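User: I'd like to learn how to read the places where parts of a model touch. Can you walk me through it?

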Amino acid sequence: MEFRDNKAIYLQIAEFICERILLKQWAVGDKIPSVRELAVQLEVNPNTVARTVEFLQQKDIIFTKRGMGYFVSDEAIEKATAFKKDDFLQNDLPLFFKNIQLLGIDFEELRGRFGEFQEGK
Amino acid sequence: MIQIKNLSFDYGKRKPVFRNLDLTLTEGNVYGLLGRNGAGKSSLLRNMAGLLFPTSGTCIVNGHNAQDRLPVFLQDLYFLPEEFHTPPVKIKEFVDVYAPFYPNFSRKQFLEYLEEFQLSDNEKFTELSLGQKKKALIGFALSTNTKVLLMDEPTNGLDIPSKSQFRKIIASVATDERIIVISTHQVRDLESLIDPIIILDNSEVLLNATTEEITERLCFKTVSNVTEHDKVLYSEHSLRGFSIVTQNTDNEHSKADLELLFNATLTNQAQIKQLFN
């Protein structure tokens with residue numbers, strides 16, 4: 001995994017897990033890989049993944065069954081969406097605004113391009 | 001646990017390498033040991049391994065004084081030096097000779113690591129490149145399953161895919177019962193792996209803190225210009241403006257940039273020490 005420079009690694013791993021959940025690669029009720037499996041896959045310190053897992057538990061995105069590992073919670077989709085949205089509004093959107101202001105792009109142009117983007121899908 | 005108390009060390013008449021150094025290392029961590037050339041990283045590892053003796057003070061590893069070099073201490077510690085000698089034998093023969101010193105050595109594990117590094121235990125050390133020798137020894141070090149694993153610049157000489165394999169393997173063996181200490185200058189190679197960070201300079205430990213403790217107190221970011229002079233601990237030019245280290249007053253969750261941290265710590269020793277005490 002390529003980590004970005006601007007955010008704590010444990011939070012970037014949280015986003016990675018949320019994305020898997022939102023893409024339904026890990027479905028509600030599924031067991032997610034263990035802390036160690038994730039640490040090996042992402043080449044990070046297991047303690048960092050442990051911190052991520054604790055963070056996601058607090059957000060009710062995953063839960064633990066004692067001795068069995070971590071599972072995707074029932075409300076994971078909405079909680080993960082809320083977490084990602086919050087993150088987008090706080091971190092990505094201001095940067096986006098800064099760029100469109102700098103480049104003098106108005107909302108009409110954006111609306112048109114967004115339409116094209118949706119059609120392209 | 002490794003407890004270093006009041007340790008002083010020097011190589012004869014020259015300026016002391018350590019003066020009354022205190023440091024405690026606990027299980028379940030992969031420590032990153034950083035310091036300038038000559039700051040004493042290797043000397044510290046060698047003191048922990050019982051290969052060098054303090055001039056005063058003690059280094060206690062899992063309850064044993066390192067310099068007593070008791071078998072019970074030696075069988076549960078492995079030190080992989082930066083420069084090493086390999087005998088002109090096959091890898092297999094090397095293992096036959098050295099593995100019996102380590103009761104928890106696993107040949108199965110060793111063969112798996114060799115395979116991952118694309119080596120065979122039938123190969124002779126004399127026919128291997130420096131990087132391949134290093135990989136064989138890293139594989140051996142990890143297969144000893146010692147409680148303490150000390151590695152001096154392990155990624156030096158490794159090719160690009162091997163560095164990634166090395167990170168995966170370390171992540172897989174970093175258990176709650178184990179202390180791993182890695183000294184390195186290649187912080188980019190190991191940035192997401194080493195935690196806590198220890199910085200040595202000026203005969204002492206300037207910093208010994210987890211990434212969590214570091215980013216609680218410090219903020220690492222890139223800004224177009226430096227304005228808040230009072231809070232900036234360190235800044236350097238980068239492509240997008242300035243990379244800066246400031247005190248983390250707004251509870252931000254930035255990513256610890258170890259190169260910036262290192263430079264900030266060396267240029268601002270008193271302030272950093274104050275922040276972390």
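Analyst: Sure. Start with what counts as touching: two residues are in contact if their C-beta atoms, placed from the backbone, lie within 7 Å. Keep in mind that this is a predicted model.

User: Okay, how many residues of chain B are in contact with chain A?

Analyst: On the chain B side there are 16, and they meet 17 residues of chain A.

User: Which helices of chain B each supply at least two residues of that side?

Analyst: Look at helix 6 (160-173) and helix 8 (211-217) of chain B. Helix 6 of chain B gives the largest share, 5 residues. As for chemistry, the side of chain B that touches chain A has 6 charged, 6 polar and 4 nonpolar residues.

User: Now inside chain B: how is the chain divided into domains?

Analyst: Domain 1 of chain B takes in 2-90 + 146-208, while domain 2 of chain B covers 211-275. Their C-alpha centres are 26 Å apart.

User: And how many residues does each domain of chain B put into the contact?

Analyst: Domain 1 of chain B brings 9 residues and domain 2 of chain B brings 11. On the domain 1 side, strand 9 (197-201) and strand 10 (204-209) of chain B each give two or more residues. Strand 9 of chain B has the largest share there, with 3 residues.

User: What kinds of residues make up that domain 1 side of chain B?

Analyst: Where domain 1 of chain B touches domain 2 of chain B, domain 1 offers 6 nonpolar and 3 charged residues, with no polar ones.

How values were computed:
Residues are numbered from 1 along each chain as its sequence is written. Chains are lettered from A and ligands numbered from 1 in the order in which they are written. This is a predicted model: local features need pLDDT of at least 70, side-chain atom pairs count only at pLDDT 80 or more; totals for chains, interfaces and linings use all residues. Helices (H or I, at least four residues) and strands (E, at least two) are DSSP runs, numbered from the N terminus. Ala, Val, Leu, Ile, Met, Phe, Trp, Tyr, Cys and Pro count as nonpolar, Asp, Glu, Lys and Arg as charged, and the others, Gly among them, as polar. Domain bounds come from an automatic or database domain assignment.
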